[in-house]
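Me: I have a multichain complex with ligands to go through. Can we take it piece by piece, with reasons?

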Amino acid sequence: MNEITGNEIIHQYLRHNKKFPHVLCPGCGHGIVLGTLIRSIHSLNIPKDDVVIVAGIGCSGRLAVYVDFNTVHTTHGRALSFATGIKMANPKLNVITIMGDGDALSIGGNHLIHAARRNIGVTALILNNNIYGMTGGQSSPATPMGATTMTNPFGQLDKSFDTVELARGAGANYVARGTTFHVKKLEKVLTDAIERPGFSVVEAITPCHTQYGRKNKYKTPVDMYKWMKKAAIPVDRYNELSEAEKEDRLAIGVFVERDQPGFEERYFDLKAKLQAQEEKGGK
Amino acid sequence: MKSQQVLQRFEIRFSGLGGQGIITLGKVMGQGLAIGHGYNVTQTQSYGPEARGGSSKCDLVISSSPISYPKAESLDVLVALSQEACNTYYPYLKPGGALVIESDLVKQPPTNQFLGLPYTRLAKDKVGIAQAMNTVVLGSLSHLLPFINQKTMRKSLEAVLPEKIRAVNAKAFNLGLRLAKKEWGDDVGAVWEKE
Amino acid sequence: MARRKKRKEIFALGNEAVVEGALLAGCSFYGGYPITPSSEIMEIMASKLPQTDDGVFIQMEDEIASMGAIIGASLAGRKVLTATSGPGFSLKQENLGYAVMAETPLVLVNVMRGGLSTGLPTCPGQGDVQQARWGTHGDHPIIVLSASNVQECLDMTITAFNMAEKYRTPVILLLDEITAHTREKIEIPYEGEFEVFSRTIPSMPPEWYKPYEETVRGVPPMPPIGSGYRFHVTGLTHDRNGFPTQRPEEVVELMDRLHRKIDQFFYDIQLVEEIQTEDADTVVIAYGCVARSAELAVQQARANGIKAGLLKLKTLFPYPRRQQEKIMANAKTIIVPELNMGQMSREVKRVNQGRASVRTINRIDGQIITPSEILKVIMQG
Ligand SMILES: Cc1ncc(C[n+]2csc(CCOP(=O)(O)OP(=O)(O)O)c2C)c(N)n1
Ligand code: SF4
Ligand SMILES: [Mg+2]
């Protein structure tokens with residue numbers, strides 16, 4: 001059944017009863033990530049009914065509405081808490097959250113670290129465009145130091161989060177980073193992430209020219225892709241660089257691969273054990 | 001079961017120090033009166049900062065008819081297992097109500113009309129564990145209060161306790177019962193017997 | 001009705017009775033964050049749910065996440081519960097609004113403690129009544145119930161679940177520290193003795209299903225996620241298909257239906273208990289632990305030859321307006337005692353419109369209003 005290719009795949013998964021056009025700006029990277037996600041799910045042969053997309057609030061969160069899965073568009077930052085409830089209520093479902101950088105790292109930062117600590121069997125796809133896109137270009141915790149935003153007109157003063165290190169430290173099973181320029185690689189890590197039990201984090205670096213690029217040093221969307229192309233290097237090569245060389249570079253690839261059982265697995269094991277005990281006691 | 005003696009809002013307060021098993025005492029007695037005897041019972045207790053700082057309090061309201069107001073307001077029986085508790089709560093005792101004290105710990109009773117037993121010492125020396133002190137109190141109250149059927153109370157005590165500590169507590173209960181009878185007299189609870 | 005089986009009797013805490021009621025009503029999912037004086041509900045759930053067939057218990061990182069988790073679980077087909085107090089209730093508000101908008105059944109128990117902010121954690125209060133009504137932003141309908149004794153904690157929890165499922169809405173059950181922390185003998189009804197309502201699941205083929213379609217009751221059927229009905233759930237104002245819309249006629253259609261599905265069924269939702277109100281010229285209107293003080297005060301007043309009565313509110317919102325109007329046929333004085341500065345008395349006065357004289361008794365010192373305080377006001381007439 002996987003004979004179809006390219007746009008045909010995507011069309012099979014879009015909601016045609018949803019009134020297009022979509023809300024994304026020309027040049028926005030979010031759509032590329034959505035296409036990647038669809039191809040990943042398609043390659044895994046997961047029935048649409050078994051996929052739940054749980055999205056936060058932001059331009060990224062709007063993606064959920066376009067795809068023909070079970071879709072839940074939640075509140076800002078809270079997607080992972082909804083996803084945790086869905087997964088625990090029905091562990092058979094493939095639960096994937098779509099969050100922005102503001103969504104996942106700022107207002108939802110606490111939920112992110114606890115989802116990782118718990119190692120709940122959910123895939124967290126974080127669309128990092130270094131900015132609050134939807135609300136008009138305010139600083140996010142992923143905005144680079146020195147960048148100009150609506151809320152840091154004189155340059156961003158604070159440091160930004162490293163999503164990978166954050167997720168690793170909090171205990172995620174799988175952590176990877178990709179970009180919308182390196183689409184094949186992104187698809188590969190996303191597919192791995194969905195397949196793997198426990199909590200997986202995939203950070204997708206995606207351009208928001210409208211709210212971030214043009215106010216900084218990227219005159220056109222193409223300039224943003226040029227930056228990605230130049231900055232991103234595989235993690236093993238990145239690790240060989242000197243600290244000075246690392247400055248303008250961005251490591252991509254897989255950073256963490258662990259095989260801890262997911263929270264739902266541990267919980268349902270416990271239940272089974274308790275039930276066995278009770279049966280024994282009953283006899 | 002003997003027919004139940006009619007009660008209208010009989011109020012008991014257990015008070016003393018944290019760690020004396022006061023809440024458990026109230027719960028066990030409440031359960032025994034509610035389920036075993038068929039009374040309406042409300043049990044309330046102190047929580048939080050009030051319950052820390054070393055002091056503890058637990059109230060029972062017992063009645064043959066449904067209880068509207070659940071808190072104890074004017075006490076028929078005050079059980080004070082520390083001097084501080086005795087000082088604090090004695091003013092809430094009804095005229096004619098009974099003050100029951102731990103006679104080693106309450107050295108200055110506010111009145112000469114009280115019923116005392118050295119509960120802690122009894123538990124330690126005669127039962128072998130100090131923690132059974134609350135059950136000795138329960139035994140003595142089961143003698144004091146004529147509406148308590150001693151057998152029923154002993155049974156509900158055993159029902160709530162884990163197997164391991166059942167025998168010790170039965171011993172403590174009987175000790176309290178026996179000593180109360182001996183020290184306080186057979187008809188110590190006669191005032192409540194009328195109806 | 002003849003009793004077929006004997007009810008089991010237990011000596012239980014109000015919070016314990018909530019758990020018993022929830023399990024009887026079919027609750028199989030609890031997500032929460034501990035806070036006094038509601039924690040026992042969570043603790044007992046933590047030991048009970050893992051031992052039931054399909055029960056799930058999860059401690060979340062905060063109250064916001066707890067609401068998210070139970071909403072997710074409810075969308076996946078579970079009957080869900082969370083409980084909180086004080087500051088935790090404030091944190092629940094964001095996703096409470098989401099649940100109203102996305103028509104997600106859930107039961108939220110708030111054991112009211114004293115004071116604002118961290119306030120008086122271990123004391124009783126009734127200061128969250130209007131927050132329960134209006135705590136989440138935006139116009140919205142909500143059902144708020146209360147209980148005044150341990151038996152009612154059980155009964156009203158079952159009722160809360162039934163209403164949540166019947167009307168596809170969150171239901172708030174407001175308790176107070178005294179009711180939650182009192183132990184009393186309660187009867188556990190046997191299976192078949194009480195109603196257990198479960199949400200309607202669609203019967204049409206998935207391709208015909210419109211998740212937010214108009215129905216006679218105004219309550220669309222709700223399939224569990226993963227059962228073949230793929231649709232979009234959102235907190236944005238949406239059309240019948242669940243897709244975001246800003247078209248005024250679609251916005252109005254949704255908002256109308258959300259209100260109408262509750263408004264139509266006032267007779268089912270508004271629960272009160274009338275105690276000696278038939279001939280009463282002085283009526284106390286009370287709820288929660290204060291209703292117990294009021295009941296004793298009314299008995300004492302009757303013993304003194306005063307025609308006093310009690311209207312005990314079990315549903316706080318939608319406010320039982322008609323029930324108040326009924327007792328106002330005779331009542332010359334209405335007394336509203338509550339552990340706040342006058343939150344429910346606003347509703348009473350709104351319905352009264354100057355007809356009877358409304359007296360309030362308010363206490364905010366973390367102590368209960370005693371029967372004698374109420375009796376004094378009854379005697380003043
Ligand atoms: C509680 C709350 N606070 C603020 C907002 C406003 N808001 C909507 S989206 C957003 C930021 C979105 O940024 P990001 O998560 O990075 O997503 P992007 O739009 O960049 O994809 C904010 C602050 C909100 N919806 N809810
Ligand atoms: S504002 Fe940025 S993130 Fe949002 S749609 Fe436009 S380009 Fe994409
Ligand atoms: Mg962003």
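Reply: One term comes before the ligands: a residue is near a molecule if one of its heavy atoms lies within 4 Å of it. Note too that this is a predicted model.

Me: Between which chains does ligand 1 lie?
Reply: The 4 Å cut-off decides which residues are near the ligand. Ligand 1 lies between chains A and C.

Me: How many residues surround ligand 1, and which are the closest?
Reply: The shell around ligand 1 holds 18 residues. It divides into six nonpolar, nine polar and three charged. The closest are A:Cys59, A:Ser60, A:Asp101, A:Asp103 and A:Gly133.

Me: Which helix gives the largest share of the shell around ligand 1?
Reply: That share is four residues. They come from residues 101-107 of chain A, which form helix α4.

Me: What is the distance from an oxygen atom of ligand 1 to a polar backbone atom of A:Asp103?
Reply: Take two other pairs for context. A polar side-chain atom of A:Asn129 lies 3.0 Å from an oxygen atom of ligand 1. For a backbone N or O atom of A:Gly133, the distance to a ligand 1 oxygen is 2.9 Å. For the polar backbone atom of A:Asp103, it is 2.8 Å.

Me: How much of the accessible area of ligand 1 does the protein cover?
Reply: A polar backbone atom of A:Gly133 is 2.9 Å from a ligand oxygen. On its own, ligand 1 has 590 Å² of accessible area. The protein covers 75% of that.

Me: How many charged residues are in the shell around ligand 2?
Reply: The surrounding residues include A:Leu24, A:Cys25, A:His30 and A:Gln211. Five residues of the shell are nonpolar and five are polar. The number of charged residues is none.

Me: Which residues of helix α8 in chain A are buried, and on what side do they sit?
Reply: The buried residues of α8(A), which spans 221-231, are A:Met224, A:Tyr225, A:Met228 and A:Ala231. They cover an arc of only 140° around the axis, so they sit on the same side of α8(A). An α-helix has 3.6 residues a turn, so residues three or four places apart point the same way.

Me: What does the buried side of α8(A) pack against, and which exposed residues does the opposite face carry?
Reply: The buried residues pack against α2, β5, β6, β7 and β8 of chain A. The face turned away from them carries exposed residues. These are A:Lys226, A:Lys229 and A:Lys230.

Me: Which pair of chains shares the most contacts?
Reply: Two pairs of chains are in contact. No contact joins chain A and chain B, with their closest C-alpha atoms 16 Å apart. The pair with the most contacts is chains A and C.

Me: Is B:Thr44 buried or exposed?
Reply: B:Thr44 is in strand β2 of chain B. Its contacts beyond four places in sequence include B:Cys58, C:His181 and C:Thr182. Its relative accessibility is 4%. The cut-off for the term is under 20%, so B:Thr44 counts as buried.

Me: How do C:Glu213 and C:Glu278 count by accessibility?
Reply: C:Glu213 is in the loop between β9 and β10 of chain C, and C:Glu278 is in the loop between β11 and β12. Leaving aside neighbours within four places in sequence, C:Glu213 is in contact with C:Pro220, C:Arg240 and C:Arg257. At 27% relative accessibility, C:Glu213 is partly exposed. At 62% relative accessible area, C:Glu278 is exposed.

Definitions and conventions:
Residues numbered from 1 in each chain as written. Chains lettered and ligands numbered in written order. Predicted model: local features only at pLDDT ≥ 70, side-chain atom pairs only at ≥ 80, totals over all residues. Heavy atoms only, no water. Buried < 20%, exposed > 50% of the residue type's maximum accessible area, 1.4 Å probe, protein only. Helix = DSSP H or I, 4+ residues; strand = E, 2+ residues; numbered from the N terminus. Arc of directions from axis to C-beta. Contact = heavy atoms within 4.5 Å. Polar contact = N/O pair within 3.5 Å; in protein donor to acceptor, adjacent residues only side chain to side chain. Areas by Shrake-Rupley, 256 points an atom, 1.4 Å probe, with all protein chains shown as cover. Nonpolar A, V, L, I, M, F, W, Y, C, P; charged D, E, K, R; others polar.
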